[in-house]
Amino acid sequence: MMHMQTSRMDQEDQNKEVVAANACQDGISTYGESRVRRCRPFCRTKATNDVHGRATKLAYADNHTAMWQIGGHYFTGLHDLQQDKVEGIKWWRRAAEAGSSKATCAIGYCYLRGDGVEQDTDRALEHFQKAAELGMVQAICNLTLLTNTQ
């Protein structure tokens, strides 16, 4: 039992590190769209410019929050990466398999819009359902809207 608690704490600490590393919060919204926000001045310093590199290290350590962020970096072309929606979706799939509700919902939006994948409303609903089961409120709203319009 103690090992499980330690692992959970390690995961939480890694999640905090990813969020701190990506403090400017530009990137992917819950809707799977790129958005631009004013970056805080400290995000422009050399020490914080390697957000993608730090997130990559954490992602390879099985941190689903970092995987989700890397997917957003590729999907939108952030942090000097060439935009590659297919690569972004690959990272989101890895994050979803690791339990990320945000990545699962992002994939749902991709299927809903046909953005980076072939449009498929049924697959979008499946992803929104899974994200809702993981506790994502936005996915619950999406399910309600989509099921009421069909």
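## A pair of helices

Let's begin with two neighbours in this predicted model. Helix α5 covers residues 101-113 and helix α6 covers residues 121-133; their axes come within 8 Å and cross at roughly 165 degrees. Angles over 145 degrees count as roughly antiparallel, and α5 and α6 are therefore roughly antiparallel to each other. The crossing in which α5 passes α6 is left-handed.

If you are wondering about the choice of numbers, two packed helices are described by the angle between their axes and the distance between the axes.

## Where they touch

Which residues make the contact between α5 and α6? On the α5 side, they are Ser101, Thr104, Cys105, Ile107, Gly108, Tyr109, Tyr111 and Leu112. From α6 come Arg123, Ala124, His127, Phe128, Lys130 and Ala131.

Sorted by character, the residues in this contact of α5 with α6 comprise 8 nonpolar, 4 polar and 2 charged. Arg123 and Lys130, both on α6, are the charged ones.

## The whole protein

Now step back to the full chain. The protein has 7 helices and 2 strands. Starting at the N terminus, the order of elements is α-β-β-α-α-α-α-α-α, so you can follow the chain through one helix, then the strands, then the remaining helices.

How much of the protein is buried? Of its 150 residues, 41% are buried. The protein exposes about 8,900 Å², with carbon and sulfur atoms supplying 51% of that area.

Finally, consider contacts between residues at least 6 apart in sequence: 49% of these join residues at least 24 apart.

Definitions and conventions: Residues are numbered from 1 along each chain as its sequence is written. This is a predicted model: local features need pLDDT of at least 70, side-chain atom pairs count only at pLDDT 80 or more; totals for chains, interfaces and linings use all residues. Side-chain values use heavy atoms; hydrogens and water are left out. Axes are lines fitted to C-alpha atoms, for helices over the stretch in contact, and angles run from 0 to 180 degrees between N-to-C directions. Helices (H or I, at least four residues) and strands (E, at least two) are DSSP runs, numbered from the N terminus. Angles under 35 degrees count as roughly parallel, over 145 as roughly antiparallel, 65 to 115 as roughly perpendicular and the rest as oblique. A crossing is left-handed if the near helix is turned anticlockwise from the far one by less than a right angle, and right-handed if clockwise. Contact means heavy atoms within 4.5 Å. Buried means under 20% relative accessible area, exposed over 50%, partly exposed in between (1.4 Å probe, protein chains only). Accessible areas come from the Shrake-Rupley method with a 1.4 Å probe; for residues, only the protein chains shown count as cover.
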